Amino acid sequence: MRKLSPLLIAVMISLILCGFSDAAERRSLLKPTGTTKGAKQGMKTYYTGRFAIDLPAEFQLEIQSQKIRYAEVFDFKWKERDRAKERESLWTQKLAKIKKLQLPKGKDRIIIEEREVKGIGNWAKAVSYFGNYVHPSLIYWTVLIDFGSSGGAWLTIDGTNTDKMIKNFTNILKHYQYGFDNLTKDSFCLNHGRIELPYLEHERTYARFAGPMDIKLRIEMNETQKIEDVGVLDRLVASLAMNFAPGVDVYKIRTGSRTVAGLPGQEIIIRGTVNDVSELFFAWDSPGKEDSGEYPEIKIGLECPDGSLDEKTKIWDDLLDSFRPACRR
């Protein structure tokens with residue numbers, strides 16, 4: 001199968017889908033979440049943040065990351081039967097990575113302290129350290145939690161007030177529940193479970209999937225404090241007018257307004273061609289509402305090789321139609 005043109009992908013993603021998280025792209029690969037209630041036959045339901053989406057079984061989750069109330073949280077399933085042995089190994093590896101960080105000026109050590117955290121899961125351990133050599137006053141806390149046979153979790157948060165950070169991450173982790181049954185309007189979904197807390201501030205989610213026919217699907221959601229009047233269609237028109245990407249020919253297949261999950265937004269489906277290589281790009285975004293977890297800024301984008309337009313458009317339409325709040329089956 002013909003490979004995607006790296007130049008064309010780079011140009012079109014920056015031109016149209018702009019905003020997908022570079023940090024999120026560097027997350028480790030994940031195994032897909034299993035099919036759950038609400039998915040049609042041959043489909044899988046994936047939960048990310050406060051939303052869910054149904055995708056064909058051929059899609060594989062490659063990356064998922066999320067932040068809630070300034071904390072980055074990642075839950076996982078145990079690989080070994082001996083949880084105590086596995087968590088000690090994970091903790092030792094984490095400390096080794098932290099110790100390799102560049103020491104900020106004026107500091108004589110990277111690690112500030114280690115401590116056990118009581119009242120969270122079956123076992124929890126935390127370490128504070130100077131994780132940013134450019135900002136010596138910034139303190140990081142990383143926590144490893146054992147929730148029992150269901151799995152564990154990592155949490156990382158940074159700030160300058162240790163007491164507030166400890167209070168924050170303790171509250172977040174105490175509200176963790178495994179699985180996706182009986183989700184509520186306060187459910188903020190991770191990889192295998194969720195945090196049962198209402199929106200407060202600073203929520204971000206990112207997921208990337210690999211599908212059939214070399215399809216790549218990206219979903220990003222951010223709380224916003226300022227609504228942008230410019231949507232994906234407006235950015236495309238402006239970029240074409242400025243000849244932002246010389247040598248790239250763009251053919252508009254479908255553009256316009258589209259409501260998804262009750263959220264107003266803009267949609268584009270285009271074909272981009274450079275050096276006789278053509279790719280298809282699908283994008284939808286919604287500006288969201290100010291300071292809202294129910295209505296965050298959302299960007300959904302799909303890119304793939306040209307050809308099979310009807311089949312790929314159907315996949316695109318079906319996934320957008322299935323996108324919904326996580327608590328809605």
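Two strands count as paired if DSSP finds at least two bridges between them. The model discussed here is predicted.

Q: Which residue in β11 stands opposite phenylalanine 188?
A: Strand β10 spans residues 187-189, and β11 spans residues 193-196. These strands pair in the antiparallel sense over three bridges. The residue in β11 that stands opposite phenylalanine 188 is isoleucine 195.

Q: In what order do the three strands of the open sheet that contains β9 lie?
A: The pairing in this sheet is antiparallel. Its edge strands are β9 (176-178) and β10, each of which pairs on one side only. Neighbouring strands are turned by 35° against each other on average, direction ignored. The order is β9-β11-β10.

Q: Which strands are the edge strands of the twelve-stranded open sheet?
A: Strands of a sheet pair through backbone hydrogen bonds, either parallel or antiparallel. In the sheet of twelve strands the pairing is antiparallel, and the order is β5-β6-β7-β8-β4-β3-β12-β13-β17-β16-β15-β14. The strands that pair on one side only are β5 (111-116) and β14 (249-257).

Q: By what angle are neighbouring strands of the twelve-stranded sheet turned against each other on average?
A: The sheet is open, and its pairing is antiparallel. With direction ignored, the average turn between its neighbouring strands is 15°.

Q: Which residue in β15 is the bridge partner of glycine 256?
A: Strand β15 covers residues 266-274 and pairs with β14 in the antiparallel sense over eight bridges. The bridge partner of glycine 256 in β15 is glutamate 267.

Q: At about what angle does helix α4 run to β7?
A: Helix α4 (residues 162-174) lies across β3, β4, β5, β7 and β8. Strand β7 comprises residues 139-146, and the angle between the helix and this strand is about 25°.

Q: Which residues point the other way from Met43, Thr45 and Tyr47 in β1?
A: In a regular strand the side chains alternate between the two faces of the sheet. Strand β1 (residues 43-48) is mostly covered, with six of its six residues buried. Met43, Thr45 and Tyr47 point one way from β1, and the residues that point the other way are Lys44, Tyr46 and Thr48.

Q: Which residue takes a positive phi in the hairpin of β1 and β2?
A: Strands β1 and β2 (residues 51-56) pair in the antiparallel sense over six bridges. Within this pairing, methionine 43 has proline 56 as its bridge partner in β2. The hairpin has two residues between the strands, and the one with a positive phi near 65° is glycine 49.

Q: What is the volume of the largest cavity?
A: A search of the whole structure finds two cavities of 30 Å³ or more. The volume of the largest cavity is about 90 Å³.

Q: Which residues lining the largest cavity are the closest to its centre?
A: Strands β12 (204-210) and β13 (216-222) each supply at least two residues of the lining. The lining divides into five nonpolar, five polar and four charged residues. Of the 14 residues that line the cavity, the closest to its centre are Phe188, Glu203, Met221, Gly293 and Pro296.

Q: Why does glutamate 201 count as partly exposed?
A: Glutamate 201 lies in the loop between β11 and β12. Not counting residues up to four places away in sequence, glutamate 201 touches Arg69 and Tyr70. Partly exposed residues fall between the limits of 20% and 50%. Glutamate 201 is placed in that class because its relative accessibility is 33%.

Technical notes. Residues numbered from 1 in each chain as written. Predicted model: local features only at pLDDT ≥ 70, side-chain atom pairs only at ≥ 80, totals over all residues. Heavy atoms only, no water. Helix = DSSP H or I, 4+ residues; strand = E, 2+ residues; numbered from the N terminus. Axes fitted to C-alpha atoms, helices over the stretch in contact; angles between N-to-C directions. Contact = heavy atoms within 4.5 Å. Buried < 20%, exposed > 50% of the residue type's maximum accessible area, 1.4 Å probe, protein only. 1 Å grid on protein atoms, 1.4 Å probe; cavity = no way out; pocket = protein on both sides within 12 Å on 5 of 7 lines; lining within 4 Å. Points joined across faces, edges and corners; volume = space filled by probe spheres on them. Nonpolar A, V, L, I, M, F, W, Y, C, P; charged D, E, K, R; others polar.
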